[in-house]
Amino acid sequence: MKHTKVKDLLNGTKTLHEVKAKGWVRTFRNNQFIALNDGSTINNIQCVVDFENTPDETLKRITTGAAVSVTGTLVESQGAGQTVEIQVTKLEILGDSDPEKYPMQPKKHSLEFLRENAHLRIRTNSFGAIMRVRSTLSFAVHQYFQEKGFFYVNTPIITGSDAEGAGEMFRVTALPFDGTPRTEDGQVNFKEDFFGKETNLTVSGQLEGETYAMALGQIYTFGPTFRAENSNTSRHLAEFWMIEPEVAFNNLADNMDLAEDFIKYVIKYTVDKCGDDLKFLEQRLLDEEKSKPQAERSEMSLLEKLSFVMDNNFKRVSYTEAIDILKSSKPNKNKKFNYIIDEWGADLQSEHERYLVEKHFKCPVILFDYPAKIKAFYMRLNEDGKTVRAMDILFPGIGEIVGGSQREERLDVLLQKIADLGIDEKELWWYLDTRRFGTAVHSGFGLGFERLVLFVTGMSNIRDVIPFPRTPQNAEF
Ligand code: 4AD
Ligand code: MG
């Protein structure tokens, strides 16, 4: 007999028939009740073992973490907390788990401990829920863009262009460390490297994505990106996943509309599909917040926060307005910010972003028209000659979740910008060709997938929303 997923057993209406389930034992109580989980849902199915007719040897092997197969009759449950249970007639231990050594004991573990056991933490309620939500969110990303007629493009992970300037890069090389080939003037001779040039792991698929948008019209990427920044924060990973749509003929306003609509869609899709997991995560967050001082607790529950984002317009505010708000804000006047804002042109730190979102506007904010000086070279210069058509979306509890812009489509302006920044034009010959042959207004953005998962799950550390986090000094697993 084929086994049935626990989720389907729990949702089924037909009882009194024979079923088989396979999964891992979460707990075994009174030598009789197995709480069995197979990962298909956060809910366990209760399996009632006929202990009088089961050899002691077998009963001893029903330990937390063991893999078992149970066959029996699905019946309406007598106990509270579940609708159906399995009256076991046949039990098979598929894989033992030494209860003395199994790290995932049926008790509360710290998130730090679970990170050290990232290969087993998925067997806890929290991480099962987080990873199912993550999977649903990624499917929603494809569903949204595919429904809208976007094409999915796989931009290279190994890149020969390092002109984006989005962050420090990881080098990709096949050269030896000892006896590295050198040129006559003592530099590393990359001509002898695998690709015959310097290559790195990509920090963004945008530049390649733009070339595709200028042919397919509307594209998106969804892939891994790498940044070697030494930022050990709860919002940064060295390897993270980014979604980058790029659309020909879209201006900055269209770009904002797209980003807002997209975020609302994927959240709604996930709320509709992941009810049980989100309810669990909501309660987890409430419990966690109980240990915080009143002032730091969130006013809304997780599901209320998600509804709030879906139901309200994001506030659109120019950088200049934001600076005025920040300059006259209490924490700025009382020197509570680590970085005091005293003049136009200052780069915003996450403390400022979070002040705007959490204290001032109390809703998601789209900041636009940033000073050209603090943004990338490819952003469209405004008529004022000092701001660019950039936009960042800021979320409560997260800070920046999206960074994007309308792109500079004018070849001469772009060339000047590149020259001013000292970037070698030859490096970008293929990128510049999009401006030489049929250039057009176009826009796009990048959404950090893990930051979205953080928001939707209510977790507070980005290391807890990606299966095997990569951060400075940490590449275990
Ligand atoms: O703002 P960023 O650097 O934008 C770009 O890379 C553009 N090329 C995107 C585009 O216009 N196509 O990064 C985009 C987003 C950020 O808003 C943030 O959510 C996320 O990527 N991000 C990170 N997430 C986790 N760890 C990091 N180290 C991240 N750096 C950026
Ligand atoms: Mg950014």
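Helices in this report are DSSP runs of at least four residues, numbered from the N terminus. The structure is a predicted model, and two parts of it are described here: the residue Leu-59 and the strand E16.

**Leu-59**

Leu-59 lies in helix H2, which spans residues 56-60. Its relative accessibility is 5%, and because buried means under 20%, Leu-59 counts as buried. Beyond its neighbours within four places in sequence, Leu-59 makes contact with Phe-28, Asn-31, Val-49, Phe-51 and Thr-54. Ser-161 follows at a separation of 102 residues along the chain, and 61 Å lies between the C-alpha atoms of Leu-59 and Ser-161.

**Strand E16**

Strand E16 comprises residues 442-448 and is mostly covered, with seven of its seven residues buried. The burial extends to both faces of E16. On one side stand His-442, Gly-444, Gly-446 and Gly-448, and on the other Ser-443, Phe-445 and Leu-447.

E16 pairs with strand E11 in the antiparallel sense, and its pairing with strand E15 is likewise antiparallel. The table sets out both pairings.

| Strand paired with E16 | Residues | Bridges to E16 |
|---|---|---|
| E11 | residues 239-248 | five bridges |
| E15 | residues 399-406 | five bridges |

Individual positions can be placed within these pairings. Ile-243 stands opposite Leu-447 of E16, and Leu-447 belongs to the side of the strand that also holds Ser-443 and Phe-445. Gly-403 has Gly-446 of E16 as its bridge partner, and Gly-446 lies on the side with His-442, Gly-444 and Gly-448.

Notes
Residues numbered from 1 in each chain as written. Chains lettered and ligands numbered in written order. Predicted model: local features only at pLDDT ≥ 70, side-chain atom pairs only at ≥ 80, totals over all residues. Heavy atoms only, no water. Helix = DSSP H or I, 4+ residues; strand = E, 2+ residues; numbered from the N terminus. Buried < 20%, exposed > 50% of the residue type's maximum accessible area, 1.4 Å probe, protein only. Contact = heavy atoms within 4.5 Å. Pairing = 2+ DSSP bridges.
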